[in-house]
Amino acid sequence: MTTETQSMIELQTRDAAIEEIVARLGVRAERGRRFAELTSLKVGGAIDWVLSPATEEEAAAVVAELERAQIPWRVLGAGSNVLADDAEHHYVVVSMREVKGVMRFEGERVTVSAGYSLPRLCIEAARRGLAGIEGLGGIPGTVGGALWMNAGAYGHEIGTVVETVRVARGGKVVDVPGSEVKWDYRHTSFQEGELLLGATLHLRPDEPAHIITRMAEVKRKRMDSQPHGARSAGCFFKNPPGTSLSTGKLIDELGMKGQQRGGATVSPVHANFIVTEGEDARAADALALAEEIRERIRRERGVELEYEVEIWRSNEQAATTDGQSETQSARTETENEQHNESKDVQEETRC
Ligand code: EPU
């Protein structure tokens with residue numbers, strides 16, 4: 001039997017197992033979707049299966065069943081921080097977009113599901129006179145995505161206000177205290193294979209008018225300094241950790257604004273944004289441009305840039321049964337070295 005025939009048979013067996021899970025749990029399932037439709041960069045290849053649970057409990061059950069059947073999966077929120085390559089992705093995408101039923105205010109706390117829109121949550125909190133997340137108002141993601149990567153902007157980071165996170169474990173919804181999570185710059189101690197279902201945030205009372213004014217100020221700053229209406233994944237690289245350097249400034253100083261590779265361009269507004277344009281834009285264009293930037297910054301500034309966006313490669317294994325990632329992302333060799341060095345301390349495996 002050729003390798004090709006063997007992998008076709010494996011995929012057929014897997015498909016039958018997924019069909020059985022889908023029928024038993026009654027979860028919404030789609031085939032034939034593409035990352036180009038599901039991510040803000042609007043590039044990326046075909047996805048074998050997209051499963052869209054409707055509630056936190058259903059999401060926990062779905063991933064438990066996938067794990068039991070040893071079917072690799074990855075979780076996607078709004079797709080606003082993901083660049084998936086152009087090939088066929090043979091894992092299940094668990095979309096959290098529909099898990100947005102819970103949004104409950106109680107005193108200074110708000111309990112919200114992972115699929116809820118972060119900008120909408122910020123507006124709702126401001127109207128109720130609750131401060132602490134108004135800087136995050138313009139981040140076009142879901143609450144789950146923001147928790148996963150400790151999203152931050154304009155002096156606010158979501159991790160600082162998290163009281164508890166709800167995580168799927170063994171098919172159940174489990175509360176994890178925010179104090180047990182390591183909230184770093186655009187990175188947390190959550191592990192690949194852990195599905196975040198929602199959170200309770202503890203906010204600070206303030207005058208709604210004051211919070212709304214601050215939100216408007218942040219919006220103005222963002223409109224002035226970042227591209228809007230363009231297809232992007234936000235900042236492409238992290239700012240170099242432990243320094244006061246801005247990656248956008250470094251790229252700008254090399255004169256790379258406006259530089260193009262196929263359908264991908266270094267934004268003329270903010271150099272740490274890669275924007276895509278046109279039907280023919282490919283993930284490969286954005287990746288080639290990103291690597292060109294990294295190479296020049298390495299050579300000319302001696303700085304090793306780390307991706308801030310998650311790069312999802314079709315030829316890498318997604319999360320599997322043991323809750324760990326085999327190889328989850330485009331972590332670079334240097335990042336891998338840094339990762340291995342800090343592994344003992346951090347015990348983290350995500351990208
Ligand atoms: N700058 C340039 N040229 C550019 C871009 C920036 O000279 O093309 C300069 C600015 O003039 C400023 C400095 O660099 O003096 C810093 O720029 P900015 O204020 O835009 O902040 P940033 O460090 O580039 C970070 C986050 C953003 C977040 C803003 C505001 C990262 C990688 N980026 O950007 O987050 O919105 O601060 O808090 O941490 C994201 O996470 O996707 C993101 C966009």
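## Helix H8

Just after helix H8, glycine 302 adopts a positive phi of about 65 degrees. The model described here is predicted. Helix H8 covers residues 283-301, and its 19 residues should span 27 Å at 1.5 Å a residue; the end C-alpha atoms lie 26 Å apart, which agrees.

The buried residues of H8 include Ala283, Asp285, Ala286, Leu287 and Leu289. Ala290, Ile293, Arg294 and Ile297 are buried as well. An α-helix has 3.6 residues a turn, so residues three or four places apart point the same way. The buried residues of H8 pack against one helix, H7 (247-253), and against the strands S5 (82-84), S18 (260-261), S19 (264-266) and S20 (274-276).

Arginine 296 is also part of helix H8. This residue counts as partly exposed because it has 17 C-beta neighbours inside 10 Å, whereas Arg294 is buried. Arginine 296 is 45 residues from isoleucine 251 in sequence, yet their C-alpha atoms are 8.7 Å apart in space.

## The nonpolar core

The largest nonpolar core holds 91 residues, of which Ala59, Leu83, Val92, Val94 and Ala286 touch the most other members. H8 gives the most to this core, with 7 residues.

Leaving aside residues up to four places away in sequence, leucine 83 touches Leu41, Ala233, Ala283, Ala286, Leu287, Val309 and Ile311. Among these contacts, Ala283, Ala286 and Leu287 are buried residues of H8. Strand S5, residues 82-84, is one of the elements that the buried residues of H8 pack against.

## Helix H3

Helix H3 runs from residue 56 to residue 68 and has 13 residues. From its first C-alpha to its last it reaches 18 Å, close to the 18 Å expected at 1.5 Å a residue. Its buried residues are Glu56, Ala59, Ala60, Ala61, Val62, Val63, Glu65, Leu66 and Glu67; the list thus includes glutamates alongside alanines, valines and a leucine. Ala59 is also one of the core residues that touch the most other members.

Just after H3, glutamine 70 takes a positive phi of about 55 degrees.

## Positive phi in two loops

Asparagine 150 is not a glycine, but its phi is positive, about 50 degrees. The residue lies in the loop between helix H5 (143-149) and strand S10 (152-153). Asparagine 150 counts as buried because 21 C-beta neighbours fall inside 10 Å, and the threshold for a buried residue is 20 or more.

Tyrosine 154, another residue other than glycine, has a positive phi near 45 degrees. The loop that holds tyrosine 154 lies between S10 and strand S11 (156-157). With 17 C-beta neighbours inside 10 Å, tyrosine 154 counts as partly exposed.

## The sheet S18-S19-S20

Three strands form an open sheet in the order S18-S19-S20, with antiparallel pairing. Its edge strands are S18 and S20, each of which pairs on one side only. S18 and S19 run antiparallel and are joined by 2 bridges. Glutamine 260 stands opposite threonine 265 in S19. The three strands S18, S19 and S20 are among the elements packed against by the buried residues of H8.

## Surroundings of the ligand

The ligand is surrounded by 16 residues, and the closest are Gly234, Cys235, Gly248, Asp252 and Ala271. H7 supplies the largest share of this shell, 4 residues. By class, the shell has 4 nonpolar, 8 polar and 4 charged residues. H7 (247-253) also packs against the buried residues of H8.

Conventions:
Residues are numbered from 1 along each chain as its sequence is written. This is a predicted model: local features need pLDDT of at least 70, side-chain atom pairs count only at pLDDT 80 or more; totals for chains, interfaces and linings use all residues. The expected span of a helix is 1.5 Å times one less than its number of residues. A residue is buried if 20 or more other C-beta atoms lie within 10 Å of its own, exposed if 12 or fewer, and partly exposed in between; C-beta atoms are placed from the backbone. Two residues are in contact if their C-beta atoms, placed from the backbone, lie within 7 Å. A nonpolar core is a set of buried Ala, Val, Leu, Ile, Met, Phe, Trp, Tyr and Cys residues joined through C-beta atoms within 7 Å. A residue is near a molecule or strand if its C-beta atom, placed from the backbone, lies within 6 Å of it. Ala, Val, Leu, Ile, Met, Phe, Trp, Tyr, Cys and Pro count as nonpolar, Asp, Glu, Lys and Arg as charged, and the others, Gly among them, as polar. Two strands pair if DSSP finds at least two bridges between them.
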